[in-house]
Amino acid sequence: MESLSIKSIFRLIWIAVGPLVCLLINISGLELISPEADKVISVALWMVIWWISEPFSISVTALLPLVMFPLLGIMPLSKVTVSYGSPIIFLFFGGFILALAMEKVNLHKRIALQIILWTGSGRKGILLGFILSTALLSMWISNTATALVILPIALTIINFLQERDISAKEKEFGQFKIACMIGIAYAANIGGTATIIGTPPNVVLIGYLEDHLGREMDFLQWVYIALPFTLVMLTATYFLLIKVFRIKDDGSTSHKGVIQQEIKNLGKMRGDEVKVTVSFGITILLWVFRTQFNELTGLGFSNAIIAMIGAMLVFLIPDQAKTKSILEWEDTKHMQWGILILFGGGLALASAFSEANIIELIGQYVKEEGFTANTTTPFLITVMLFMTELMSNVALVNIFAPILSGIADGLGVDFLTLGIPTALASSCAFMLPMSTPPNAIVYSSGYVKVFDMMKTGIILNILAVLLLIVLSLFWIDIVL
């Protein structure tokens, strides 16, 4: 029998620690809050331990409420499963389906290349093109998928440019490569903050808002709140990368022909691309003008229903050959199903917090201790932002959402005043390769070192904290 590696030993330890903590709380006889609340806390700690240490996929950990809540008498299984079928899960499911259709017909690649062509042929223009195209795609498809799509395009273009640019110095061009790689990672993370479906933490927050607070948020309302933050962060990223990596256009030749050739290789826009574009456009218009459309027709369209309409369209519309649909069910094997389970687990945990009155207790404590929004909000944003460098942002928002609800009640402020900035903060992991999938993907290119990411990431982290404080204390109240 082969000896276990250090990594395997630690994995086994963490696997054991989670259920052991849960067991000790339940058999110790000590009452932390109340018998009901203690049971919830024991399962929550188990989930947090596994979410932080990740001995399994975080989606596997999200299945624990289905087993432990009924066994401990916290909630019957029929009530737990409701969380896994929440409308917000189908909102993200519909977004996933539309993204798959876009990827299948190569529409995302055409969009990216066209934006790069528009932004200019020099190095600064190409860097801007990568950042803008990545951010735009990340608003609608997952940041992981976006980075996976843009990275090979970037490597192809950059390597070809280096071969053709006889004036390029090796070190100078190397800095340009690093800037492009990091720009793609950061833009993939930042772009998703602009829309509800852009990144899972946003969906988790809105899911909690709808399922537990009985409120809805318009798609356009989120954009009004988050888009200024997104644009400022993208602008800062672009100029920071130019400054840190000393990107210059001097001496470089025009590279427009290279990008035009890549677009030419895609061929003319095919019928399938047009159909997906139209389907996507209809979905976005319905999201943006949902309130007006409901008033005009008397119907009850929700964000989730609209997402499912978009998903149904790409399944129903025939492809160019008219032999099958644009998207077939077998295409969904590439979808990130685990994220949907993760949403369900987080919502189930939030339901348990509410059932056990833990949220009310948090609110009472905050009120009694005399905390204020001006001091609490910056602290929460900072904690969330730097914690997301070390663990899954989706798991973090799942844990924090019910806690934030209690804090908001205690402070006497709107839940969204705390919730939106902290959710956005969870997408601002810029310092470490393992912080987010886009960071890890570009790090795998071999061009980026950890120090390269840290020296730019720390600056963007600090800027993000400052912007989110302004967003929370001033901008959200204006929009809401």
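This is a short talk walking through one protein structure, from the overall fold down to single residues.

Okay, thanks everyone. Before anything else, keep in mind that this is a predicted model.

Let's start with the whole thing. What does the secondary structure come to? We have 23 helices and zero strands. For the outer dimensions, picture a box of roughly 75 × 60 × 55 Å along the principal axes, and the C-alpha atoms fill that. Now, how does the radius of gyration fit with a compact globule? A compact globule with 480 residues would come out near 23 Å, and the protein has 23 Å, so the two agree. As for the inside, 54% of the 480 residues count as buried.

Next, salt bridges. How many does the structure hold? Nine. I'll take you through some of them.

One is between E355 and K79, where the closest N and O atoms are 2.6 Å apart. This pair links distant parts of the chain: E355 sits in helix α17, residues 337-355, K79 is in helix α5, residues 77-83, and 276 residues separate them. Are these two buried or exposed? Well, somewhere in the middle: E355 counts as partly exposed because its relative accessibility is 45%, and K79 is partly exposed too, at 40%.

Now look at E273 and R110. Their side chains meet in a salt bridge at 2.7 Å, N to O. E273 belongs to helix α14, residues 271-288, and R110 to helix α7, residues 107-119, so this pair ties together parts of the chain that are 163 residues apart in sequence. And here the surroundings are buried on either side: E273 has a relative accessibility of 2%, so it counts as buried, and R110 is buried as well, with 13%.

Then there's a local one. D452 forms a salt bridge with K455, with the closest N and O atoms 3.9 Å apart. Where do they lie? Both are in helix α23, residues 450-479, three residues apart, which is about one turn of the helix. D452 is buried, at a relative accessible area of 8%, while K455 is partly exposed, at 28%. And coming back to R110 and E273 for a second: salt bridges with shared partners join R110, R270, D272 and E273 into one network.

Let's move on to a couple of contacts across the sequence. Find L100, in helix α6, residues 87-104. At 11% relative accessibility, L100 counts as buried. Its C-alpha is 8.0 Å from the C-alpha of L327, even though the two are 227 residues apart in sequence. Another pair to click on is L45 and I399: they are 354 residues apart along the chain, and their C-alpha atoms are separated by 9.8 Å. L45 is in helix α2, residues 35-53, and it counts as partly exposed, with 34% relative accessibility.

Okay, out to the surface. Which residues make the nonpolar patch there? I6, I9, F10, I13 and W14 do, and the patch covers about 490 Å². Take I13 from that group: it's found in helix α1, residues 6-27, and it counts as partly exposed at 42% relative accessibility.

There's also a patch of positive charge on the surface, where K124, K243, R246 and K248 gather. Let me stay with R246. It lies in the loop between α12, residues 219-244, and α13, residues 256-266. Buried or exposed, then? R246 counts as exposed, because its relative accessibility is 67%.

R246 has something else going on, in the backbone. Most residues other than glycine have a negative phi. R246 isn't a glycine, and yet it has a positive phi of about 50°. Where else can we see a positive phi? At N106, which is also not a glycine, phi is near 70°. N106 is placed in the loop between α6 and α7. It's partly exposed, with a relative accessible area of 30%.

So, if you open the model afterwards, here's what I'd like you to remember. Find the helices, 23 of them with zero strands. Find the network of R110, R270, D272 and E273. And find R246, which is part of the positive patch and has that positive phi. That's it from me, thanks.

How values were computed. Residues numbered from 1 in each chain as written. Predicted model: local features only at pLDDT ≥ 70, side-chain atom pairs only at ≥ 80, totals over all residues. Heavy atoms only, no water. Patch = residues over 30% accessible without salt bridge, like charges linked within 9 Å, V, L, I, M, F, W, Y side chains within 5 Å. Areas by Shrake-Rupley, 256 points an atom, 1.4 Å probe, with all protein chains shown as cover. Salt bridge = Lys/Arg side-chain N within 4 Å of Asp/Glu carboxyl O. Lys, Arg positive; Asp, Glu negative; His and termini not counted. Charge placed at Lys NZ, Arg CZ, Asp CG, Glu CD. Helix = DSSP H or I, 4+ residues; strand = E, 2+ residues; numbered from the N terminus. Buried < 20%, exposed > 50% of the residue type's maximum accessible area, 1.4 Å probe, protein only. Rg over C-alpha atoms; globule rule 2.2 N^0.38 Å.
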